[in-house]
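Got your viewer open? Let's take a short walk through this one, selecting a few residues at each stop.

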Amino acid sequence: MSHASQAGTTPAPGNAAPQAPGAIVEAFLSLIMIPDPEAASRFVSPQMTIRFTGGRAMAKPADCTAFNAGRYAWVKKKFERTDVVRGASDEEAVVYNIGTLYGAWPDGTPFEGNRYVDRYVLRDGLIVQMDVWNDSAEWMLVRAGLAAPWATPMNPDHKTGAAA
C-alpha cells in the first residue's frame with residue numbers, strides 16, 4: 001500500500017484492532033471481488049452512496065456485484081496503489097485505489113490492463129461514498145465497432161478492440 005498519510009486508524013468492523021483507511025478500502029474491495037457483497041457490507045455506512053462509471057447511482061455493495069455480473073463474465077482488480085489523502089483522521093478520510101481490471105467479457109473474451117480509479121470517503125471508519133471510473137465503456141465501444149482501436153496495455157498491437 002502507498003499512503004500519503006498513515007493518520008486515521010479506526011477499529012476494524014467487528015474487531016478491536018484498529019485499521020488504517022487504506023486497509024479498510026482494500027479489505028472491502030477484496031470481498032467485493034470474491035464476490036461477497038454481504039461480507040463487504042460490514043465496511044460501509046447505511047448511508048453509503050455509490051456512483052459507478054457513467055454516473056450510475058447505487059446504494060449498497062450488492063448493487064455493484066449485480067452491475068458487474070451484467071457487464072463481465074468475471075472481473076477482478078489488480079491494485080497498483082492505495083493512497084490516503086493527507087489530513088486523514090479517524091473522523092474522515094479520502095482514499096484512492098488505482099490499478100487495472102482483468103477478467104472476461106460476457107462472451108468469454110479475456111481482457112487485462114483496463115485502468116480504473118476508485119475514490120472513497122470514510123467517516124468514523126466506514127465507507128460513506130464510493131466513486132468508480134474505468135476504461136470498460138471505451139473498450140465496449142471498440143468491440144461494438146463504434147470506435148477505432150488504439151494501442152494500450154489492453155491492445156498493444158492496435159489491431160482490434162478485443163484483448164488477446
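Start in the middle: select Phe 28, Phe 52, Tyr 120, Ile 127 and Met 130, the residues with the most contacts inside the largest nonpolar core, which has 25 residues. Bear in mind that you're looking at a predicted model. Helix 1, helix 2 (37-40), strand 3, helix 3, strand 6, strand 7 and strand 8 each put at least two residues into this core, with helix 1 giving the largest share, six residues.

Now zoom in on Tyr 120. Leaving out residues up to four places away in sequence, Tyr 120 touches Val 25, Phe 28, Leu 29, Ala 93, Val 94, Val 95, Asn 97, Ile 127, Gln 129 and Met 130. Apart from that core lies another one, of eight residues; pick out Tyr 72, Trp 105, Tyr 116 and Trp 139 among them.

Next, switch to cartoon for the sheet. Six strands make up an open, mixed sheet in the order 4-3-8-7-6-5. Strand 4 (56-58) and strand 5 (74-84) are the edges: each has a single partner strand, so one side of each has no neighbour in the sheet. On average, neighbouring strands are turned by 20° against each other, direction ignored. Select strand 5 together with strand 6 (residues 92-104) and you'll see antiparallel pairing over 10 bridges. Asp 83 sits opposite Tyr 96 of strand 6 there.

Add helix 1 (residues 21-33), which packs on the sheet and touches strand 3 (44-52), strand 5, strand 6, strand 7 (110-123) and strand 8 (126-134). Its direction makes about 180° with that of strand 5.

Over to helix 3 (residues 61-71). Which of its residues are buried? Pro 61, Cys 64, Thr 65, Phe 67, Asn 68 and Arg 71 are. They lie on the same side of the helix because they cover an arc of only 165° around the axis. Flip to the other side of helix 3 for the exposed Ala 66, Ala 69 and Gly 70.

Last stop: salt bridges, of which the structure holds seven. Try these:

- Arg 123 and Glu 92, 2.7 Å from N to O. Arg 123 is in strand 7 and Glu 92 in strand 6, so the pair ties together parts 31 residues apart in sequence.
- Asp 135 and Arg 115, with the closest N and O atoms 2.7 Å apart. Asp 135 is buried at 16% relative accessible area, whereas Arg 115 counts as exposed at 53%.
- Asp 63 and Lys 60, at 3.3 Å from N to O. Asp 63 is partly exposed at 23%, and Lys 60 is partly exposed at 45%.

Technical notes. Residues are numbered from 1 along each chain as its sequence is written. This is a predicted model: local features need pLDDT of at least 70, side-chain atom pairs count only at pLDDT 80 or more; totals for chains, interfaces and linings use all residues. Side-chain values use heavy atoms; hydrogens and water are left out. Buried means under 20% relative accessible area, exposed over 50%, partly exposed in between (1.4 Å probe, protein chains only). Helices (H or I, at least four residues) and strands (E, at least two) are DSSP runs, numbered from the N terminus. The arc is that of the directions from the helix axis to the C-beta atoms. Two strands pair if DSSP finds at least two bridges between them. Axes are lines fitted to C-alpha atoms, for helices over the stretch in contact, and angles run from 0 to 180 degrees between N-to-C directions. Contact means heavy atoms within 4.5 Å. A nonpolar core is a set of buried Ala, Val, Leu, Ile, Met, Phe, Trp, Tyr and Cys residues joined through side-chain atoms within 4.5 Å. A salt bridge is a side-chain nitrogen of Lys or Arg within 4 Å of a carboxyl oxygen of Asp or Glu.
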